[in-house]
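This report describes one protein chain, its sheet and a residue within that sheet. The sequence and coordinates come first.

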Amino acid sequence: MNNNAYKRAERTVREYAENHIPQGCCCSGRQLVGPTGPTGPQGPATISIGNTTQGLPGTQPSVTNVGTNQNAILDFVIPAGATGPTGATGTTGPTGPQGLPGTNGVTGPTGPTGATGATGPTGPQGLPGTDGVTGPTGPTGATGATGPTGPQGLPGTNGVTGPTGATGETGPAPTLAIGNVTTGAPGSSASVTITPTT
C-alpha cells in the first residue's frame, strides 16, 4: 500500500472512531487498533531514472513510472523556472585575429555605357615631328602669261669722256630742211632723224 492510501485509511478509521465509539473507551480515538491486514504487494526490485523533460513555466512537476512494478523506470517532467532579469552588459572582449581573405566572387556582367562627358580643355602643343622624306619633283607647269611692262628705269651715269679726235677735212656747207613731223605714242621720247639729200 502506498503512502497516500495509508493516510486515507487512517483518516477513515479515525473519523469512524470519533463518531461511533464512546469517549473513555479503551478503544476510542487513536487507541483503536484493528487486526493486522494482509501483506501488501512486493515493492519494486529496481528503480532507475528514465527521461527528464522540461515542462512549461508555472506547470506542476510530475513523475511517471514507464517501467513495471518490479522494475520501475521513472520519467520526470520538471517545469522551467521563470525568466530572470537581464544581467548587466559584460565588458567588450578583445578583437579577434584577422580572418583569411575570401575567394574572389564571379565577375558580374558589364554595365551599360555611360553618357559622354564634357570635352576637356585642349592639351599643350606637342613637339614638332621629324621631317619626312622629300618627295619627287613634280612636272613643270605651263608658262604663265607675260606680265605688264615695268616702269622706265633711271638714267645711267655718264661714261668717261673719250679723247678728242683729229680734226676732219672741211666738208661742204650743209643744207638743212624740215621734212616730215610725226606725232609719237604718248609717253615715248621725241626723236629727230637726219635724212641726207642727194
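A residue counts as buried at under 20% relative accessible area, exposed at over 50% and partly exposed in between, with a 1.4 Å probe and protein chains only. Helices (H or I, at least four residues) and strands (E, at least two) are DSSP runs, numbered from the N terminus. This is a predicted model, in which local features need pLDDT of at least 70, side-chain atom pairs count only at pLDDT 80 or more, and totals for chains, interfaces and linings use all residues. Residues are numbered from 1 along each chain as its sequence is written, and side-chain values use heavy atoms, with hydrogens and water left out.

**Overall**

The protein has one helix and three strands, in the order α-β-β-β from the N terminus. Of its 198 residues, 4% are buried. The accessible surface (Shrake-Rupley method, 1.4 Å probe; for residues, only the protein chains shown count as cover) is about 19,500 Å², and carbon and sulfur atoms account for 57% of that surface. Contact is taken as heavy atoms within 4.5 Å. Of the contacts between residues at least 6 apart in sequence, 48% join residues at least 24 apart.

Confidence is given per residue by the predictor as pLDDT, from 0 to 100. The mean pLDDT of the protein is 81, and 79% of the residues score at least 70. Over residues 25-30 pLDDT stays under 50, and the model has eight contacts beyond four places in sequence for this stretch.

**The sheet**

Two strands pair if DSSP finds at least two bridges between them. The three strands form an open sheet in the order β1-β3-β2, with mixed pairing. Its edge strands are β1 (46-55) and β2, each of which pairs on one side only. From one strand to the next the twist averages 20°, where axes are lines fitted to C-alpha atoms, for helices over the stretch in contact, and angles run from 0 to 180 degrees between N-to-C directions.

β1 and β3 run parallel and are joined by eight bridges. β2 (residues 62-65) pairs with β3 in the antiparallel sense over four bridges, and a hairpin of five residues links β2 to β3. One of the 10 residues of β1 is buried, so β1 lies largely in the open.

The table lists some residues with their partners in β3.

| Residue | Partner in β3 |
|---|---|
| Ile49 | Leu74 |
| Thr53 | Val77 |
| Ser62 | Val77 |
| Thr64 | Asp75 |
| Asn65 | Leu74 |

**Asp75**

Asp75 lies in strand β3 (residues 71-79). Is Asp75 buried or exposed? Asp75 counts as buried because its relative accessibility is 18%. Which residues is Asp75 in contact with, leaving aside neighbours within four places in sequence? They are Gly50, Asn51, Ser62, Val63, Thr64 and Val66. The side chain of Asp75 reaches the backbone nitrogen of Asn51 at 2.7 Å. A polar contact is a pair of N or O atoms within 3.5 Å; within protein, one must be able to donate a hydrogen and the other to accept it, and residues adjacent in sequence count only if both atoms are side-chain atoms.
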